[in-house]
Amino acid sequence: MDISVVVPLYNEEESLNELFNWIDRVMKKNNFSYEVIFVDDGSTDSSWQVVETLKSQSPNVRGVKFRRNYGKSPALHCGFREAEGDVVITMDADLQDSPDEIPELYRMIVSDGYDMVSGWKQKRYDPLSKTIPTKIFNATARKVSGIKNLHDFNCGLKAYRKNVVKNIKVYGEMHRYIPYLAKNAGFDKIGEKVVQHQARKYGKTKFGLSRFAGYLDLLTLWFLSRFGVKPMHFFGILGSLMFFLGIVAVIIVGISKLYRMHHGLPYRLVTDSPYFFISLTAMIIGTQFFLTGFLGELISRHSPDRDSYQIEEKI
Ligand SMILES: Nc1nc2c(ncn2[C@@H]2O[C@H](COP(=O)(O)OP(=O)(O)O)[C@@H](O)[C@H]2O)c(=O)[nH]1
Ligand SMILES: [Mg+2]
């Protein structure tokens, strides 16, 4: 099979028919063998009935229905596990992404050798309240991930080589950072294609302010990619710095005490010195860093994929 299209959806009943017919048209015109996997994430409208009807009309339709709403990342993860096509394309269900982009995305993966190609909504039809935060978000993501050529990390329209989606775990709200996940898994030929974007035709956006919490995920990914299997290297260094600071402060306190005693200067309590408090807090924090580091090591020792490596080839 050439292409799997994975469509995560949540309450998009009005769009699904039109979306599938459009995809179908594009695929037939280009002679692609394909499947469309709709992942209904606990919709409360009639989305699933629409998917069932589509399934009864076309063998190219597949559907997965979650019992409740889990989120876009779990939906993508599930779609990725099911996908059978050589190239996997993800697309939003709301008709904001155009299926006409599929043939070119496919070509970029198959002929240009990209592991993954991300869409770039260069001209967006969304309110300013959304486009401006997105710009800041993308600038940060570029910086942290080191993927310098991507303008639009969170574009719903993306294409992947099959083994990319089979080897990454999209969980939580990580769908915003799939390029970073792919890079961390060793798939670093990541390209970009300018794609057409449409204003939302039906329904309304499902992501509100929650999208900003995504910054914390970026931090998590950064930490995991660098220290995931050696947390002590992170916490141990911080802890050592703290201890060093604490010891320096203790020495200063001690020397000044001795000096004053020796020269018969007015008696002063050690606890009057700011260095006393600095040494106290620095050592407590230092100990905590070390304990966190040891706990981290214990946890990562038992992590099931500590010893799983992406093997590209064996001869
Ligand atoms: N699986 C799943 N998909 C969702 C969820 N929320 C939104 N989506 C889908 O993600 C896509 C993009 O959502 P949308 O609300 O258009 O976000 P926007 O384009 O960034 O405003 C659409 O296909 C939605 O149906 C969710 O909770 N679970
Ligand atoms: Mg949308």
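In which hand does helix 1 pass helix 2? The crossing of helix 1 past helix 2 is right-handed, that is, the near helix is turned clockwise from the far one by less than a right angle, an anticlockwise turn being left-handed. The model is predicted, so local features need pLDDT of at least 70 and side-chain atom pairs count only at pLDDT 80 or more, while totals for chains, interfaces and linings use all residues. Residues are numbered from 1 along each chain as its sequence is written, and chains are lettered from A and ligands numbered from 1 in the order in which they are written.

Helix 1 spans residues 13-29 and helix 2 residues 47-57; helices are DSSP runs of H or I with at least four residues, strands are E runs of at least two, and both are numbered from the N terminus. Their axes lie 8 Å apart at an angle of about 20 degrees, axes being lines fitted to C-alpha atoms, for helices over the stretch in contact, with angles from 0 to 180 degrees between N-to-C directions. The two helices are therefore roughly parallel (an angle under 35 degrees; over 145 is roughly antiparallel, 65 to 115 roughly perpendicular and the rest oblique). Glu13, Leu16, Asn17 and Phe20 of helix 1 meet Ser47, Val50, Val51 and Leu54 of helix 2, contact requiring C-beta atoms, placed from the backbone, within 7 Å. Five of these residues are nonpolar, two polar and one charged (Ala, Val, Leu, Ile, Met, Phe, Trp, Tyr, Cys and Pro are nonpolar, Asp, Glu, Lys and Arg charged, and the others, Gly among them, polar).

Ligand 1 is surrounded by 18 residues, the closest being Tyr10, Asp41, Ala75, Thr205 and Lys206; the criterion is a C-beta atom, placed from the backbone, within 6 Å. Strand 1 (3-9) and helix 3 (72-82) each give two or more residues to this shell, which has seven nonpolar, five polar and six charged residues.

The domain assignment gives domain 1 (3-227) and domain 2 (231-301), with C-alpha centres 49 Å apart; such bounds come from an automatic or database assignment. Helix 9 (residues 231-262) and helix 10 (residues 274-301) pack at about 160 degrees with axes 7 Å apart, and are therefore roughly antiparallel. Their crossing is left-handed, and their contact has 20 nonpolar, nine polar and one charged residues.

Methods
Two residues are in contact if their C-beta atoms, placed from the backbone, lie within 7 Å.
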